[in-house]
Each structure stands twice: as structure tokens, then as C-alpha cells.
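Here is a friendly walk through the model in front of you. It begins with how the parts meet and then turns to two individual residues.

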Amino acid sequence: MSLPNHGANPYRLYTQLGIKPPTDILDFSENVNPAGAPDFIKNDWADYLQLLQRYPDPEGEPFLSAVAKYHDISTENIVLGNGAAEIFSLLATYFRGNNAIILHPTFSEYEATLKENDVEIQRVVCEDIVNWKLPLDELQQAMQNADVLYLCTPNNPTGVLPSKEELQQLIESAKESNCSIVLDEAFIDFVDENASFIQSVKENHQVIIVRSMTKMYAIAGIRLGYMVAAPEVASAIRKLAPHWHINGIAAVIGARCLNKEEDAFRQKACDYALQMRTSFQTFLRQNHCLVTNSVTNYMSFQLPDPVQSQSFFTYMLERGIVLRHTENFIGMEGAWFRVGMKAPEAMNRLEEEMMHWFRTNSSL
Ligand SMILES: Cc1ncc(COP(=O)(O)O)c(C=O)c1O
């Protein structure tokens with residue numbers, strides 16, 4: 001059975017697999033903040049409605065200035081995007097016809113967008129899924145003949161963040177090889193702003209950082225992200241974006257999300273992710289699964305016997321539990337599952353269903 005490529009789209013998955021969806025579905029395949037969006041969005045929704053009739057600010061204000069203030073950088077370093085997804089499309093156009101390295105298993109949009117733009121791809125596979133220790137020699141070697149290296153930090157779907165030293169070493173190599181380095185920090189909000197490499201764009205013209213607003217603030221529906229790079233790189237990429245690509249409501253909501261007043265919201269999300277992933281990692285290890293050393297609000301795990309992966313996946317779907325399979329992740333080939341952290345009741349239900357499966361199916 002070849003499983004459809006899905007993420008956060010459970011009903012399509014049920015239809016494609018010909019399984020009748022139960023009335024009660026828990027979708028662990030998505031990995032946005034389970035707390036939902038900040039309260040102010042619901043409270044002030046009537047004010048946002050008034051923005052509907054107006055054209056948005058062509059520069060994406062007030063979000064642009066809010067990003068600059070939040071990271072203490074100049075607006076010249078910033079390109080706003082209709083989600084980080086748009087930034088990846090713009091980057092692929094910028095690197096059109098070039099040669100790119102992608103470290104797998106990782107987010108599929110890097111390859112998808114680059115291939116659309118005739119970028120030649122060199123795939124490097126990280127064998128250490130659990131700790132995500134980077135294959136530095138291989139990457140450094142490959143960088144000598146490449147224009148850009150894409151890394152997801154923390155990585156999706158493993159949730160592991162490479163060490164600062166490893167990333168620093170790669171940035172040095174990027175400088176020597178004149179190879180750009182794109183760090184996708186879509187999930188770094190769940191770690192610590194000090195782990196971000198945004199400040200390093202001030203000295204390193206090779207470094208491009210991509211950020212998403214949709215994960216921490218659970219606003220995937222309104223689309224908002226940005227990238228940070230040296231002014232000349234940012235300026236070239238900004239020119240590739242369509243006019244008015246940042247909608248007015250998103251720009252106002254995004255600016256407010258980055259306010260100091262939302263510090264408590266951010267801290268709560270990080271604390272919750274830590275608590276839930278620690279508890280679920282313990283549960284999985286007690287049941288002899290391999291688990292990634294995630295630092296985010298999701299993780300990947302492998303069953304004690306990965307040959308049972310497909311039947312386990314179907315069993316869980318029939319019980320209304322949707323996991324993210326990894327059939328289309330190079331280097332994982334379906335032997336792992338990704339799980340996004342949810343509310344405690346949902347996590348309990350997941351553990352109960354898995355316990356039931358372990359009791360009836362596992363040979364350990
Ligand atoms: C690693 C990673 N980067 C970027 C994105 C795109 O995020 P956005 O919703 O901001 O377009 C995703 C979405 O799932 C992702 O997983």
C-alpha cells in the first residue's frame with residue numbers, strides 16, 4: 001500500500017485510503033500550537049473586519065516594523081511572506097538553475113519548490129535520526145560545488161535541533177565555499193530565541209533565515225512568515241514577490257503577536273511542549289520505541305518492529321487517531337511516525353490506543 005502524502009488534512013487521507021472516518025477524529029499529524037491562536041485575535045475580530053475593504057500596506061506594515069523590533073534588526077534585512085511557504089517559492093526563484101544541497105529526511109517543500117525552478121539537487125541523508133548529528137564532512141564536501149544548502153533547524157519531522165557549534169561550523173564553510181545557507185527556523189519559537197541564527201546575518205552574507213508565524217501563533221489560515229538576510233540578498237528576493245502579497249489583516253495580527261504582551265503566551269506554549277513531549281517520550285521508550293530527541297512541539301518515533309508500521313497506522317486511523325506517516329520522507333521510508341503534541345485528554349487517548357495495540361500486537 002502506498003500512503004498518500006498528507007499533513008494536517010485527515011479527511012482527505014481517510015478518503016484516499018478508503019477508510020470510513022470515525023465521528024471522533026484526533027489529528028496528531030499537524031504540529032501547530034495546540035493552545036490555538038492568542039486570545040486577542042478572537043476578542044478584537046470585529047476591528048479586523050474593518051480592514052477588509054482597504055488595500056494593505058504595500059510594505060506589509062505594521063508587521064515589517066514589528067519583526068525588525070522583535071529581532072533588533074533593520075527592515076532592510078527582512079522580506080515578508082504569505083507564510084514561510086511563499087518565502088520558499090521566492091528563494092527557489094532566486095536560486096533558479098543553481099545547485100542546492102538538501103539534508104534529508106526533511107520538509108518536502110524545499111525540493112518541490114527548487115525542482116520547479118530547475119535547481120539541481122544533491123541529497124545528503126542524515127543517518128542519525130534520533131540525535132540528528134549532522135554529517136558535517138559530507139555537507140562541507142558537497143558545499144564546495146553547490147550554491148546553497150537548505151537545513152531545517154529544528155528539523156521537521158524529527159524535531160531535533162543541531163548543536164550551535166555544528167551550525168557555526170557550516171556557516172564558516174559556507175563563507176569559504178561561497179555557498180549560501182538557508183536555515184528554516186519555522187519551529188524555533190518553541191525552543192528559545194537565543195538558539196536562532198538571525199543575528200548572524202549581520203556578519204554573514206551567506207546566511208538566510210526563514211521564519212513562520214503559523215506554528216507558534218496557530219494562524220496557518222491567514223498565512224504569514226518572513227525571512228532575514230543581508231540587505232542586498234533581501235532586496236533581490238523582495239523584488240520577486242507580487243504586489244500586496246501580505247494581506248492587511250495578517251499584517252496587523254502578526255504585529256500584535258510579536259508584542260511584549262504575548263511573552264506569557266509564548267512561554268506557556270514552550271512549557272507545555274516540554275511537558276507533553278517529555279511525558280510522551282517516556283511512554284514511548286517504556287514501550288521499546290525509538291524516539292527522536294525533539295526540542296519542539298512534535299517528535300518522531302519508530303515501533304519496536306518497524307515492519308508493523310503500516311498495519312499500526314491503519315489500526316490507529318480506524319480508531320480515529322491520525323498520525324503523520326513518513327513514507328515520503330527520504331531516509332525514513334515509512335518506518336517512523338511524527339506526532340504533534342495536543343491537549344492532555346488527546347494525549348491520554350493516544351497513549352490508551354497505543355497501549356491497546358502494544359498489548360495485542362507487540363512481541364516484546
Ligand atoms: C519546516 C517547515 N517550514 C515551513 C513551513 C511553512 O510554514 P507556513 O505555514 O508559514 O507557510 C512548514 C509547514 O508545515 C514547515 O513544516
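## How the two domains meet

In this predicted model, 22 residues of domain 1 are in contact with 27 residues of domain 2, where contact means heavy atoms within 4.5 Å. Domain 1 covers 10-30 + 263-361 and domain 2 covers 39-258; these bounds come from an automatic or database domain assignment. Their C-alpha centres lie 26 Å apart.

Between them, the two domains bury about 2,100 Å², with 65% of it on carbon and sulfur atoms. Buried area here is the accessible area (1.4 Å probe) that two parts lose on being put together, summed over both. On the domain 1 side, R266, Y298 and I330 lose the most area to domain 2, together accounting for 31% of what that side buries.

## What the interface is made of

Across the interface of domain 1 and domain 2 there are 10 residue pairs in polar contact, both residues being at pLDDT 80 or more. A polar contact is a pair of N or O atoms within 3.5 Å; within protein, one must be able to donate a hydrogen and the other to accept it, and residues adjacent in sequence count only if both atoms are side-chain atoms. The number of salt bridges between the domains is zero, a salt bridge being a side-chain nitrogen of Lys or Arg within 4 Å of a carboxyl oxygen of Asp or Glu.

On the side of domain 1 that touches domain 2, α11 (263-286), β9 (290-291) and β10 (298-302) each supply at least two residues. Helices (H or I, at least four residues) and strands (E, at least two) are DSSP runs, numbered from the N terminus. The largest share of that side, five residues, comes from α11.

## Two residues to look at

E111 sits in helix α6 (residues 109-116). At 8% relative accessibility, E111 counts as buried, because buried means under 20% relative accessible area (1.4 Å probe, protein chains only). Beyond its neighbours within four places in sequence, E111 is in contact with I102, H104, I121, R123 and I330.

P162 is found in the loop between β5 (148-152) and α8 (164-177), and P162 is buried too, with a relative accessible area of 6%. Setting aside neighbours within four places in sequence, its contacts are W132, L134, T153 and L167. P162 and W132 are 30 residues apart in sequence, and 6.4 Å apart in space, C-alpha to C-alpha.

## Reading the numbers

Residues are numbered from 1 along each chain as its sequence is written, and side-chain values use heavy atoms, with hydrogens and water left out. As the model is predicted, local features need pLDDT of at least 70 and side-chain atom pairs count only at pLDDT 80 or more, while totals for chains, interfaces and linings use all residues.

Technical notes. Buried means under 20% relative accessible area, exposed over 50%, partly exposed in between (1.4 Å probe, protein chains only).
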